[in-house]
Protein chains: 2
Amino acid sequence: MARIVMKFGGTSVADPDRIRNVARRVAREVKDGHEVAVVVSAMAGATNQLVAWTKALSTTPNLREYDAVVASGEQVTIGLLAIALGELKIKAKSWQGWQIPIRTNDQHAVARIEDISADRLVADMKRKIVPVVAGFQGVGPDGSLTTLGRGGSDTSAVALAAAVRADRCDIYTDVDGVYTCDPRIVTKARKLDRITFEEMLEMASLGAKVLHTRSVEIAMSHHVRVQVLSSFTDEPGTLVVDEDEIVEKAVVSGIAYSRDEAKTTLQGIADRPGVAASLFGTLADGGINVDMIVQSASPDGKTTDLTFTVGRADLERTKKLIAGLKKKLAYRKALFDSSVVKVSVIGVGMRSHAGVARRMFQTLFENGINIQAISTSEIKVSVLVDEKFTELALRALHAAYGLDAA
Amino acid sequence: MARIVMKFGGTSVADPDRIRNVARRVAREVKDGHEVAVVVSAMAGATNQLVAWTKALSTTPNLREYDAVVASGEQVTIGLLAIALGELKIKAKSWQGWQIPIRTNDQHAVARIEDISADRLVADMKRKIVPVVAGFQGVGPDGSLTTLGRGGSDTSAVALAAAVRADRCDIYTDVDGVYTCDPRIVTKARKLDRITFEEMLEMASLGAKVLHTRSVEIAMSHHVRVQVLSSFTDEPGTLVVDEDEIVEKAVVSGIAYSRDEAKTTLQGIADRPGVAASLFGTLADGGINVDMIVQSASPDGKTTDLTFTVGRADLERTKKLIAGLKKKLAYRKALFDSSVVKVSVIGVGMRSHAGVARRMFQTLFENGINIQAISTSEIKVSVLVDEKFTELALRALHAAYGLDAA
């Protein structure tokens, strides 16, 4: 007997037939003797429709009201799934965020969960009454509805799993697990049986959109075992676990990429203290996240070139802020390029293995791919390359690290 | 300066354009210096879609979950209208039933409002912040969402108007007021400037579906002045008021009709005490509302004929219950007929005027229309006639009581 939180995304609950299918999966777990709670997203397309209505009325809708509107999608699916479970003779009860409550901070549209009062849910689970919980939403300090941002239902599920001390959090989605690389690009990509939280976090933040980044952070800090699996097959999925649960660690577990990158290069910038602080301080004040930063060696000791990347959506604002700093930074020229892609190799094994970065650079060199910027962390090496090399770089690296399926 | 509750139905908020139109009407009242609260229904069609989904999953959906699903429609419109008001620089804040709270009893899908805590709404109204309140929904004693049944948003609006002690409750709809008769049938029907609560109540309960019956009951008992008007024109509507606000009372204010009738006749039933009690007791226990009852004189002192009407939706169950009583009631024959219509003349003036019923019977007789049953109240005379005479009866009576437009 295990305690399980099952989470189903929008495509899994897209219509009454699929909701019935989800109910059958839940019923199977209950009949196997498990204590089950379910978290669901809105029906596929519902949230987009709700967002479109708010945008039709205002380009900058009041975010409290935006949340009131978009949170309604999950309210629909929890009620429908509870009804479907009732038809299968499974006792079930729907819960909206405020009814539990799932308390969040007051940051509408991007709220963070602060606390979940799970006692009543646990009591129901023990009595074999399945709580069907609305993902994505919570209630703020003033009693307003809040939402967690796109993909937030994953976060709801993992946070709920932590709150009810679940043995596992099963994330049902329209893919059947986490792959060594995007299988749409690298046909030889393999499904991973297990992956560590740290690796998953890098994958998620680098654009492999299987799990919401915040959900992985919560899973990691609360040691919630997460399984990613398909709601349309009966195949086992990928288990996201603590590092010590993986005996044989791959040096590289996967190759991720992100097209959401834009590069800025400031040529001939003064090479003196305070210049970088001034530049990045201004961008931070403007709410712009800077990712990779490369400063070239100063040949004359007076000026240097500075390259950094931001999200593509932030490029226009970056251009404006940079223009405003022309005098202060005294750069010669500013160059902007959004036809770049960030490619990363990820693996907890690289902590204890040298040569991972070298192999990456060598492989790219052999394929004639120029590296525009590099950044590294303990378990990741990322490079920025011309967007046109995306497929070539991914396939070459996937083979070079021995990840190709037999 | 007045305090006004404005209520908009589903066709008035059917899409973003119409919601913008509603926002402009609200803004006009606010700019005229009034204290305003708004109640809205779900977008036209939304509730039908939600109900259809619940029915696709279960013919008898759990009603708590049914309510959770269908209450979501109003949540969408309150947020959207608040956003639209924001665009017009009108301060507004959406309120769901549970946030106010609007407390109801625990009768899911047909809940009754028990209490509205309006203090925070009144405080906002005084500060020119428009509360935008979800109609149709409330919160039950256990914290579950409840709904008030179809048309319940009218009731929400009138109950809210009573709670905030509003000077007026304006019900915006897709017709421009209350007419002397259904204008689709009687082209000479006139819009009434004023009508009493009692008359409106009879109209509403007799199928003239301008207002939800329960809303009129609440308006009457709390003396809430209600105005019915169109959200698509700027014409004044019909004011529903206490009787003492109408100086010149019409003997007959309107002619209503209801097609939702089915007639049962039991021939040769034993004419002894207890028979009627046994029959109507069984029907009541079966949840069937009996409307008109006619017992003919007993020619032989032993048997008689008994005729009564029920709602058409209840006819099949009535047949079954009647069959089960065959032995006990010892009737000779049971006849059922659902091709009947109930036609009523309504007017508070008939309290002080004789001859109203006689004119009705005379008019029907002159038009060759046979009366199958009669029932009367202080301010109403109803007759049951063959359905095929509906239009003829309505037009003839409308003319006979001098209601035709010049």
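These are my notebook entries on a predicted model with chains A and B, taken in the order in which I looked things up.

**Entry 1: how the two chains are related**

I began with the superposition of the copies, and found that chain A can be laid on chain B with an RMSD of 0.1 Å by a turn of 180° and a shift of 0.0 Å along the axis. I noted this as the relation of a two-fold axis. I then asked which residue of chain A comes closest to the rotation axis, and the one I found is Ser72(A), whose C-alpha lies at 2.7 Å from that axis.

**Entry 2: the contact between the chains**

Turning to the interface, I counted 29 residues of chain A in contact with 29 residues of chain B. Looking for the elements that give two or more residues to the side of chain A that touches chain B, I listed α1 (16-31), α2 (46-57), α3 (63-70) and α4 (72-87) of chain A. Of these, α4(A) gives the most to that side, with 11 residues; Ser72(A), which I had met at the axis, is the residue at which α4(A) begins. I also compared the two sides, and because 100% of the interface residues of chain A are also interface residues in chain B, I recorded that the copies meet through the same surface.

**Entry 3: domains and one helix of chain A**

The domain assignment of chain A gives domain 1, covering 3-174, and domain 2, covering 262-337. Taking the centres of these two domains of chain A over C-alpha atoms, I noted a separation of 42 Å.

I then looked at helix α6 of chain A, residues 152-163, which has 12 residues and reaches 16 Å from its first C-alpha to its last, close to the 16 Å expected at 1.5 Å a residue. How many of the residues of α6(A) are buried? I found that 12 of its 12 residues are buried, among them Asp154(A), Val158(A) and Leu160(A), together with several alanines including Ala157(A) and Ala163(A). Just after α6(A), I came upon Arg165(A), which takes a positive phi of about 50°.

**Entry 4: an open sheet in chain A**

Next I followed a sheet of chain A in which 4 strands form an open arrangement in the order β15-β16-β14-β17, with antiparallel pairing. Its edge strands are β15 (290-295) and β17 (333-337) of chain A, each of which pairs on one side only, and the twist averages 15° from one strand to the next. Within this sheet I looked at strand β14 (residues 262-270) and strand β16 (residues 303-310) of chain A, which run antiparallel and are joined by 7 bridges; here Thr264(A) stands opposite Phe308(A) in β16(A).

**Entry 5: an open sheet in chain B and the helix across it**

In chain B I examined an open sheet of 4 strands, which stand in the order β13-β18-β20-β19 and pair antiparallel. At its edges are β13 (254-258) and β19 (373-377) of chain B, each with a single partner strand, so one side of each is left without a neighbour in the sheet. I noted an average twist of 20° from one strand to the next. The partner of β19(B) is strand β20 (residues 380-386) of chain B, antiparallel to it and joined to it by 5 bridges, and I recorded Ser382(B) in β20(B) as the bridge partner of Ser375(B).

Last, I checked what lies across these strands, and found helix α12 (residues 356-366) of chain B lying across β18 (340-346), β19 and β20 of chain B, where it runs at about 20° to β20(B).

Note on methods. Residues are numbered from 1 along each chain as its sequence is written. Chains are lettered from A and ligands numbered from 1 in the order in which they are written. This is a predicted model: local features need pLDDT of at least 70, side-chain atom pairs count only at pLDDT 80 or more; totals for chains, interfaces and linings use all residues. Copies are superposed by least squares on the C-alpha atoms of residues with pLDDT of at least 70 in both. Two residues are in contact if their C-beta atoms, placed from the backbone, lie within 7 Å. Two strands pair if DSSP finds at least two bridges between them. Axes are lines fitted to C-alpha atoms, for helices over the stretch in contact, and angles run from 0 to 180 degrees between N-to-C directions. Domain bounds come from an automatic or database domain assignment. The expected span of a helix is 1.5 Å times one less than its number of residues. A residue is buried if 20 or more other C-beta atoms lie within 10 Å of its own, exposed if 12 or fewer, and partly exposed in between; C-beta atoms are placed from the backbone.
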